[in-house]
Amino acid sequence: MEISGLPVELWRLILSYLRLPDLGRCSLVCRAWYELILSLDNTRWRQLCLGCIECRHPNWPNQPDVEPQSWREAFKQHYVASKTWTKNAQDFESSNCFYLFRRKKDRHVLRVGQGCEFDTLRAALASAGVYDRIVLLPGVYEEQSEITLKVPVEIVGQGKLGDVALLVSIDQHCPTTRLCNVVFMPAWFTPVVYKTTSGHVQFDNCNFENGQLQIHAPGTCQVKFCTFNQSSIHFHSVALGVLENCEFTGSENASVTIEGIPSSERNWACKHLTTLAKSHCVLLQASDPALCNVSKRGGWGGPPARNVRTCEIVVGGDQSNFLPPSKTQLVLEKASEKEAEVSGRLYTPKEGEAMTLETDSSDSELSTSSENEEDDRSMYKLSYRAHGLSHMLAHVIHSRPQTNGLTALQRDLELKTLQQELQRDKEAQSLASSLQGCLIRKCLFRDGKGGVFVCSQGRAKLEGSIFRELTYAVRCIQNSKVLYRLIIMLKNDIHHCKASGIFLRLAAGGLIADNNIHSNCEAGVDIRKGANPLILCNKIHSGLRSGIVVLGNGKGIIRSNQIYGNKEAGIYILYNGNPIVSGNHIFQGLAAGIAVNENGRGQIIENVIRENQWGGADIRRGGDPVLRSNLICCGYSDGVVVGERGKGLIEGNTIYGNKGCGVWIMSSGLPHIMNNRIGHNSIYGVAVFCRKDDANDYLANQGGNENFNDEGEAASWENDLDSEDERFTSRRPISVALVESNSINHNGAAGLYVKSSEALNIIANAIHANHDSGVAVFQSSQLTRIANNSISCNSLGGVLIESEARVELRGNGIYDNSSHGITSKGDGVIVENDIIGNRGCGLRLLQTADMKVTKNRIQSFWDYGIVMLDQTKGLVQENLIFQGRSKKTILQQVSNAEDCIVQNNNLLTFKSKSDIAWTLDNPPARPHIEGSTRGTSTATNSQKVTTMSTRIAARMDGGCHNNGSIFCTIL
């Protein structure tokens with residue numbers, strides 16, 4: 001019959017009355033009929049799927065209001081899965097066709113109930129043959145002793161789910177069986193409602209009330225569309241078990257327990273379950289492509305209400321890449337993913353303030369200079385552009401990093417998708433595709449104590465499930481000292497747990513990827529006692545404590561995750577925790593981005609840490625991480641905080657646009673800060689303060705006071721230390737806090753501020769265009785050594801030394817600052833510096849300063865070269881002082897102190913324009929850096945720093961005064 005004879009709507013109406021076999025026959029007529037049958041997806045196929053008593057809505061229980069992509073395909077999947085139990089053909093391998101024919105012909109239907117041939121299930125089983133079907137009429141069936149299944153049968157309840165209830169304990173001894181549409185409750189003599197030790201059992205659309213299922217190897221099971229109310233399943237060394245579309249509620253312990261290594265002894269069903277599971281895994285990925293890319297959507301739980309910004313523009317570029325504050329709101333309205341408002345946070349000079357010209361650093365001067373001053377300056381100026389740190393200044397001369405640096409940083413720090421991570425990590429790819437132990441897919445765990453518990457080398461794979469309002473969602477404990485990959489978690493939603501969402505300990509491991517973990521009362525992921533998981537591409541957010549906690553020798557690789565909006569630290573590392581944290585975006589936290597505390601370690605590499613309320617990275621109390629190549633920006637407090645007894649290598653980071661300081665170092669901190677770009681922070685670039693951390697300052701150390709003692713364990717992790725990791729042995733030891741080879745520029749206050757009672761080395765930094773002094777030392781009872789730095793174009797003086805400070809200034813280039821080059825009220829030595837082109841005096845000693853000033857080259861274009869006021873003491877000798885434009889004398893001594901000695905200085909004056917121009921040579925302009933483009937210092941240089949600091953300290957203890965005469969040579 002031609003389809004064109006009737007409208008398609010009428011055909012669909014007619015075909016909606018056909019049964020499943022008739023629809024199949026119609027689809028075989030021709031292609032036109034086949035397509036017509038397919039077009040019934042939202043009508044007849046939907047009716048068949050929802051009307052089947054053996055299944056429920058394809059997306060039950062997690063998304064029952066979301067329709068599948070194809071009702072026909074969903075019905076087909078369930079139909080095929082429901083026949084798995086019948087595929088046991090081991091007794092008839094010689095003739096599968098004969099086996100199927102025989103089974104269909106000889107299969108009987110036995111009815112149990114009032115008025116039927118059997119009154120009890122036990123009686124029906126005694127008469128049943130192989131693959132017979134036992135139908136239970138509505139009612140309650142209770143057995144007073146255990147039932148043993150000896151032949152494969154199918155037990156089906158008639159009517160709606162709940163009409164048939166079984167109070168039994170069944171022990172399966174046959175190869176296979178199936179139970180459907182039945183409510184199971186435990187008998188009076190045991191809580192176990194079903195147990196199998198060798199065969200395969202299949203449950204479809206059943207309820208379990210207050211009972212237990214026990215599956216022992218080599219037995220297997222397949223459970224689908226079942227509800228477990230205060231019930232649980234225990235897997236003991238099972239090679240493969242499948243739980244799909246099940247709901248677990250009200251459990252008093254774990255809902256699912258998996259223990260023991262999967263048995264090598266496998267029954268007949270393993271290969272069929274493996275095929276079925278892999279086909280569904282592909283379908284899961286294909287049917288929900290949005291789940292594959294965590295970084296491109298807001299996630300199930302959703303980010304905070306404000307715009308989630310990426311790192312796109314926070315790093316800099318030429319002027320075209322940044323907008324003034326007045327345009328920030330417009331950019332946000334047009335493209336919320338852009339971060340252009342960060343430029344509104346940067347320091348903007350007020351009207352009338354001194355500004356730095358965006359020209360070569362050697363010729364920088366105030367924009368208010370007149371043309372006449374420029375002409376005069378050209379006569380007197382000394383060129384210093386070719387000093388050892390000029391390459392570092394080239395990156396900041398236009399206030400921001402170069403455009404190519406911005407593009408490279410954007411590309412390198414872009415959040416990777418799970419697909420990209422699996423492509424580059426073969427181990428992760430192998431784990432994601434592995435299938436062993438228990439597979440839990442698209443299940444709902446809610447309102448109970450525990451979700452999934454894995455122990456004793458068990459294996460589990462969790463996909464697309466929801467865990468909510470539990471005490472804990474997943475708990476993975478491994479009692480063996482040998483590391484096994486225990487758990488694989490993909491695309492799950494874990495939220496509102498009373499404790500940690502995922503808890504790993506005792507050498508537990510595995511893959512935790514593409515999950516949404518949020519709103520838990522404790523840490524989203526808790527890693528401790530040697531656990532070593534691979535955590536990829538998750539969204540971990542909105543927790544009431546930390547996002548991830550690593551402690552007690554916990555390890556792990558934490559990569560490409562979004563960690564945001566947590567009430568405490570995004571990642572908290574303590575008690576010798578030692579993870580590798582790379583490629584994550586950690587943002588908008590209510591405390592620190594990353595906190596390393598209580599002897600925590602770890603490698604923190606190439607992360608974007610932004611917009612956190614407290615420090616982007618906070619290191620305290622013996623914390624000793626490697627913090628390398630991160631972007632730490634736009635924080636509402638400091639970029640990096642090194643608290644009391646904090647240590648660590650802080651290298652190669654971009655610390656940018658934070659509302660506090662770029663780096664804040666507190667008492668007893670011993671960090672090594674090198675090769676960082678620290679710019680556009682609202683207060684100091686680097687601040688060193690001497691004070692003990694107040695216990696209330698940090699809300700229990702910013703990481704939170706999590707309940708780290710599990711089950712009464714004492715937190716004495718130091719007694720169980722691993723051997724020192726190889727990646728830490730290459731770090732050179734330091735005994736004094738070291739700030740080395742950093743670019744510190746355009747910060748809102750001093751570039752480097754020191755108020756400390758502990759020694760400090762400041763070596764080979766480029767300190768440029770900060771909106772206060774370049775270096776300000778307010779207190780330093782031990783020696784602060786400032787050597788081989790370039791200090792230029794700062795809005796106030798180059799170096800300010802207050803009365804309670806002891807400082808050594810050696811080999812620095814102090815150029816073009818808007819006030820005095822060096823102002824000192826303290827003690828120390830100023831040796832072999834170039835102090836050129838500053839708007840105030842070159843060197844200004846006042847009050848009770850006690851300095852030894854030797855072998856410096858000094859020129860002030862607008863003021864005195866050296867000024868000594870008040871009760872200044874010290875020795876000023878063998879300096880080369882160049883005359884500036886000012887008509888003032890080039891050296892002014894007002895101090896009347898007997899211990900103020902000025903001798904053997906060379907004062908160079910300029911008599912006419914025809915005189916030969918001055919140059920800085922022999923040696924050339926300072927600072928001098930061996931290999932000016934070097935990236936890191938050598939261990940030898942570090943030893944030199946320590947040795948010279950000791951030598952200078954010893955020399956200063958003896959004073960620097962004598963009763964020699966004053967002798968000046970004027971050339």
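Glu143 is buried (under 20% relative accessible area, with exposed meaning over 50% and partly exposed in between, for a 1.4 Å probe and protein chains only), its relative accessible area being 7%. The model is predicted, so that local features need pLDDT of at least 70 and side-chain atom pairs count only at pLDDT 80 or more, while totals for chains, interfaces and linings use all residues. Residues are numbered from 1 along each chain as its sequence is written, and side-chain values use heavy atoms, without hydrogens and water.

**Salt bridges**

A salt bridge is a side-chain nitrogen of Lys or Arg within 4 Å of a carboxyl oxygen of Asp or Glu. The count by this rule is 26. Three of the pairs are given here.

| Pair | Closest N and O atoms |
|---|---|
| Arg122 and Glu143 | 3.4 Å |
| Lys491 and Asp514 | 3.0 Å |
| Arg628 and Glu651 | 3.1 Å |

Arg628 belongs to strand β42 (residues 626-628) and Glu651 to strand β45 (residues 647-651), so their salt bridge ties together parts 23 residues apart in sequence. Helices (H or I, at least four residues) and strands (E, at least two) are DSSP runs, numbered from the N terminus. Arg628 is partly exposed at 26% relative accessibility, whereas Glu651 is buried at 12%. Lys491 and Asp514 are both buried. A network of salt bridges links Arg133, Glu154, Arg178 and Asp204.

**Strand β26**

Strand β26 (residues 502-505) is covered on both faces, with Ile502 and Leu504 buried on one side and Phe503 and Arg505 on the other. Strands pair if DSSP finds at least two bridges between them. β26 pairs in the parallel sense with strand β23 (residues 466-477) over four bridges, and with strand β29 (residues 525-528) over three. Val474 has Ile502 as its bridge partner, and Leu504 stands opposite Ile527 in β29.
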